[in-house]
Structures are given as structure tokens and as C-alpha cells.
Amino acid sequence: MPDQANDFMKDYQAFAQQSWDAWMRYLQQQQPGQPNPFGMGMMGMGAAAMPQEDLLTRSLASLKAYGNWLQQAATGAALGQQTHPWQQPAAMQSFLSAFTQPFQQTVAGIDSASAFGMEHQWQSWLQAMQQAGMAAGMPTSQVATFGITREFQLDQQALQAAMQEYTQISARYQALLQKVNAQGISKLQEMLGQPGKQVESLKAMYDLWVDAMEDAYAEMALSQEYRDVFGALVNAQMQVRKLQQQHTEQMCRELGIPTRSEVNSLGKRVQQLRRELKERGQVEATTDTSLVDTLHAEIATLKRELAASKAAKVHPIERPAKGGNSKTPSQRTKATRSAAGKRK
Amino acid sequence: MQNPFHIDPQQAFNEIAVFQRKLAAGLQNLRGLGEQDYANTPREAVYREDKLTVWHMKGNHKPTARVPVLVVYALVNTVWMTDLQEDRSLVRNLLEQGEDVYLIDWGYPDGADRWLTLDDYLNGYLDRAVDAVRQHHDLDAINLLGICQGGTFSLCYTAMHPEKVKNLVTMVTPVDFRTPDNMLSHWVQSMDVDLFVDTLGNIPAELMNWVYLMLKPLRLNQQKYVSLVDILDNPQELKNFLRMERWIFDSPDQAGEAFREFIKEFFQQNKLIQGDLQIGKQPVDLGMVTQPVLNIYATQDHLVPPDASRALQRHVGTTDYTEVAFKGGHIGIYVSGRAQREVAPAIHQWLRSRS
């Protein structure tokens, strides 16, 4: 039996390697600019800046993780046939714990894709500092600053402190993900322990594992603890970036290169001007409209008067009644003139 | 404890072998497929301003509806989810029903749009887009169909410009942003959004995508691609898959100021239902929305939980309120087979009875 299990593992590993190599060969043959069907983003970092091969490798992390999962599940299945661990809860726990790693690979993989951007940036930053001969003199946050480089030292201390804080919070975040691992395994164990539960294939087992892990993750992600740590992580990362930007701007100013703050300032003014222009246009349009409305009203009045005047003209001349008090012809003429005068 | 795992090593080996075979055979199908097109329904631009375009969608028949409907999409992702492909298109289905459909395509903000506020979007772009459609039809008021954040925008717009909206349809629209099951909302509560926007400027699309993927990390980053192997030998399904992938990652950046306001005022302070929301100089009171409202939500929506949408009924001013529960998710409500059969006819029937 042990030989059978070993043979199986050898065969499986050969398959897994073959599969992985095939994917890599396929994707490496892609022409630059062709769409990557597994396009995955990174947290605020331009993917274009990364080497193509590295991007492809990370894009395929999901399938590779699944390959690892299959390997562990198959190993567990092979061993399960030998030792009947289901009769022993501790042994079952040991079997299930084999599934921890793939979850970490996926979740931490997404996170490290984003965190990679940060660390990559930091490394470039530190290298640049070293090249500029500044790293050797970089003060710790506890050291008092003085001299002509005092302001620069203060900036560096602030940046160091921010990076330190980010690292600490990132560790707290990773610890939460580790908790999800444990809780997910526990949920999977519960699912497998349900009366009559049968798992007939590796894929069925995989789907069950995904369900368990996602349930555990959702519970964690909606907890107060996760909310606090996630918020702190985002804030800490932004603090580091902000300080880096400030430092870069300082260097740009010294070199006479336009800075982002200046561009922002210009953009803000342009947008404000556009708003004012649009508002002015609306006011003018409203004024125009009210002028047109006034003219319309005046025309309507004139039309009514004209109609009344025409009616008066075609009105049959009434013969003065005997002893009546009708207007004289001269009086009618005056009335007509008066109406005509109004039209002016 | 019984052994629930009934797979012997040979069976496991066979399963892996099948997986491997599918993978190898499918690679050739993946090669040369290239970029998949979407948005194939004929259309004509009727209004453009900066990066915004209002499209008039053209069906095979003349519309029978007298009042056109303007689709207001979210600023995240693109409006082409409503017209992904010929047999999965809310737009085509609405046109087939006889509706006259217009779409707002917000475009892709860049540094020049960094300072656009919600006031610029709603009382500026959206208002002028509505005016353009009204003028095109010589109508005082048109129908609005708001989707997700675009639904929230449509509600705000209707409250501020009620005379220009005849009927309002909202789809998977968040109204109460603080329901306990709203993961996105939960995550941003402790975020310093001022520091965030001041640092990043416009919010990169990659970051938005990352956040959405983290809502269900295993399903969206691994299980989905594992399942892809099962369709590698089916070119048509593969194209559908790639088209959807294109849409998912074809995301615009978010204009910084508008993002700041949306997170603060809506997600963190939930002002839309608290009643003290103001866009620009105008107060937004949902009680002012007295037009007929059709509110469609998805029962399995992981982005906008049903309770977040259903809250509308308690806050809207209209006496003509209809609610439709769609059995599916946030995306399935546009692209699933069920959606093709149910959603457009429901919207059309509702609009027709109020024309």
C-alpha cells in the first residue's frame, strides 16, 4: 500500500508539473499587448510597470494554488485509505489542516499582490536613498535632529515611523487571515461530519472547502475587529505613500520640476472656473428666457388688442337711437387713434 | 465518525488526469481568441461633454413607447454590462419590448477630472444629459433607469429635479448604506477617506477591482478559474467567459472628489436616509420623489444586499411604489438566462402602464 501511495504521488507531481509548464509556455508565447485572460490588478500599482513574466506568473496563481490543493487532497485521500483516520478526530484534524496552505496562498496572494506594490516601492526608495548616500546617515525616530539637514532628518523619521506602523498593522491583518484558516477548517470539519455526508470526488471536496473558507472569511470580514484592522491598514499605507510623495515633491522642487501639488492646485482652479462659467451661462440663459417670456407676453397682449381693434372696426355702425346718447363719429375716431397709439 | 471521503487513489488520479487533459486540449482554443467585443447594439451619440457620451440605442423596430428611458449607470465599471452580448443584453431586450433607450457612458476619468464633485456629476453632467434627451423628444420629463450607484444618483437627481423625471426605475440600488450585511460599507467605516483621496487623487481602477475581489477571495480569484478549465473545450462559452472578464476589469478610475463625497456622505454617514444630504447647494430629500418608482433588487446580491435596496420603500415619497425581487446576483440580474426572460418585460410592463 505505501508503494501504491508513493507511486501515485510521483505520477501526480509529474502531471502537475506538466500542467503548469504547459500554461507557462502558452502564456509566454503571447504577443505583447495581447489581452491577458486572467488580468488581475494590484492595489493601486500600475501592472504595466511589472515584468511581463512576473505578471503572468501571478495571474496564474489561482490555478497553481488549485494544483497544490489537489496534491494535498490527493495525498490525504491516499493516506486516508491506509490509516482510516476518520475514526480518530485528531487524525481528521491533521488531515484537514493540510488544506490551510492553499487558502493562505490565495488570500495572502491577493494581498501580497497589492502589498508587493508597496514593498517594491519601498525597496526602490531605499535603494535610491542608498545610492544618494543617505541611508547610512538615516536617523532612527528616537534620535534628536539638528543641523542643516534637520528638516530632512525629521522627514525621514516620519517616513520610518510610518513604514514601521504599516508593517505592524499588516502583521495584525495577516493574523486575522490566519484565524480565518482555522475557522474555515473547523467549518469544513462540521460539514464533513453531517450525517450521510458523502464526498465522491476531489472537485466536490474542493467546492466544499471553498464554501467553508468563504463562510469563515465572511464572518471575519463583517466583524468589528476586521473593520478596525482593515481601516488601520489602509490608513497606514496611505500615510506611507503621502510621506513618500512629500519627499519626492521636495526633491522635484529643488530640481525645478513641477510637482503634483502644483498640478492639483491648477486642476482645482480650472474646475472652479468651469463651474463659474457654466453657472454664468445658466444665469444668462435664464435672463434670456425671462426676456423672451416678457416679449411673448407683450406680443400676446398686442394680439388681443389688435383683435379687439379689428372687431371694433368691423362692428356695424349703430344708428343713433332716437334721443339716444351714442358717441359721435369724431368721438369714435379718437377712440381708434387712442388704441393705435397704444400699439406704438 | 464515519468516513465521508469515498475516493480511492486511483479515482483521484483519474480525476486529475481528466483535469490535465482538459487543460492541455483547451489551450489551443484560448490561443488566438483575442479581445472579445461587447456593446454590439447599434447606437448613435446624441450628446457629448468632456468624457461623457449619451448614446441613443437603435433596435430592429421603431420604439412604441412615447417617453424614452435614460439608463444611468454607476461610475464604477462601465454601462456595457447592460449590453454585454447579443443574447445577454438588457438594452436589446428593452428595445425589443418597444422602449426607446438611451445610455449614459461616463467615460474614463483622468487627472483633469480629479476635482469633479457629485454636484458636477448630478446637477451638471446628468442634468445636461437629461435635458439633451428631453429636447430630442420635446418632452418635459423622461423615464430614468438607474443601476447600482447610478440608481442612487437617479434617486438624488429625481429629488432635486422632479419636474424632469416621469417614472423612475432603480436596479440593485443601495439606499440604506449601513445594513449589517454590507461588507463594502463595513470596510470603509474606519477608513480615513480624506487621507485616502488626498494621497491617491483619483482612485485607481485596479484598487477598486482588488476590493471587489476581496469580497469573496476564493470564489472570485480561484474557483472561477478552476471552473474555466471545464469550458476550455467550448469556444462559445470561452468567449462569453472572456467577455465577462473584459468587462470586470475594464474599469474607470474614480474621480477623487466625487469618491470622497460618496464614501463620506453615503457609506459612512448614510445621509440619503438620514435626510440631511446636500448635493452642491441643493438638499436631497427622498420624500420629494413622488413619481412612480419601480425598485428591482437581487436576492443574492453580495455587493448591494437586498435590505440596502428595500429600504427605499420606507423613505421614498411616492404612493406608487413597486418592488421586484430577482432571484440572482448583482451581475446575474443583467446577464443570466433568467434575467433575459424576466427583467426587461417587467420594466416594460410597468412603464407601459404608466405612460
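Here is a short question-and-answer tour of a predicted model with chains A and B.

Q: Before we start, how are things numbered, and how far do we trust this model?
A: Residues count from 1 along each chain as its sequence is written, while chains are lettered from A and ligands numbered from 1 in the order in which they are written. The model is predicted, and local features need pLDDT of at least 70, side-chain atom pairs count only at pLDDT 80 or more, and totals for chains, interfaces and linings use all residues.

Q: How many helices and strands does chain A have?
A: Helices (H or I, at least four residues) and strands (E, at least two) are DSSP runs, numbered from the N terminus. Chain A has 10 helices and 0 strands, so reading from the N terminus you get α-α-α-α-α-α-α-α-α-α.

Q: What share of chain A is buried?
A: A residue is buried if 20 or more other C-beta atoms lie within 10 Å of its own, exposed if 12 or fewer, and partly exposed in between, with C-beta atoms placed from the backbone. In chain A, 23% of the 344 residues count as buried.

Q: Which contacts in chain A join residues at least 24 apart?
A: Two residues are in contact if their C-beta atoms, placed from the backbone, lie within 7 Å. Take the chain A contacts between residues at least 6 apart in sequence: 71% of them join residues at least 24 apart.

Q: Why does Ile185(A) count as buried?
A: Because Ile185(A) has 22 C-beta neighbours inside 10 Å. You'll find Ile185(A) in helix H6 (residues 150-192) of chain A. Its C-alpha atom is 8.8 Å from that of Ala216(A), 31 residues away along the chain.

Q: How does the reach of H8 in chain A fit what is expected?
A: The expected span of a helix is 1.5 Å times one less than its number of residues. H8(A), residues 224-255, has 32 residues and reaches 47 Å from first C-alpha to last, close to the 46 Å expected. Its buried residues include Tyr226(A), Phe230(A), Leu233(A) and Met238(A). Just after H8(A) comes Gly256(A), with a positive phi of about 75 degrees.

Q: How do you describe two packed helices?
A: You give the angle between their axes and the distance between the axes. Axes are lines fitted to C-alpha atoms, for helices over the stretch in contact, and angles run from 0 to 180 degrees between N-to-C directions. Here H8(A) and helix H6 (residues 193-200) of chain B have axes that come within 9 Å and cross at roughly 40 degrees. The crossing is left-handed (the near helix is turned anticlockwise from the far one by less than a right angle; clockwise would be right-handed).

Q: Which residues of H8(A) and H6(B) meet?
A: From H8(A) there are Val234(A), Asn235(A), Met238(A), Gln239(A), Arg241(A), Lys242(A) and Gln245(A), and they meet Leu195(B), Phe196(B) and Thr199(B) of H6(B). These contact residues divide into 4 nonpolar, 4 polar and 2 charged. In that scheme Ala, Val, Leu, Ile, Met, Phe, Trp, Tyr, Cys and Pro are nonpolar, Asp, Glu, Lys and Arg are charged, and the others, Gly among them, are polar.

Q: What does UniProt place on chain B?
A: An unreviewed UniProt entry places "domain: AB hydrolase-1" at residues 68-334 of chain B. UniProt positions use the numbering here, feature names are shortened, and annotations may be inferred rather than shown by experiment. The span is 46% helix and 17% strand, with its end C-alpha atoms 20 Å apart.

Q: Which sign of phi do most residues other than glycine have?
A: Most of them have a negative phi. Asp138(B) has a positive phi, near 55 degrees, and is in the loop between H3 and strand E7 (142-147) of chain B. Cys148(B) also has a positive phi, about 55 degrees, in the loop between E7 and H4 of chain B.

Q: Are those two, Asp138(B) and Cys148(B), buried or exposed?
A: Asp138(B) is exposed, because 6 other C-beta atoms lie within 10 Å. Cys148(B) is buried, with 25 other C-beta atoms within 10 Å.

Q: Where is Val289(B), and what does it touch?
A: Val289(B) is in the loop between strand E10 (282-284) and strand E11 (293-298) of chain B. Val289(B) is buried, because 25 other C-beta atoms lie within 10 Å. Not counting residues up to four places away in sequence, Val289(B) touches residues including Leu155(B), Leu168(B) and Val316(B). Val289(B) and His161(B) are 128 residues apart in sequence and 9.3 Å apart in space, C-alpha to C-alpha.
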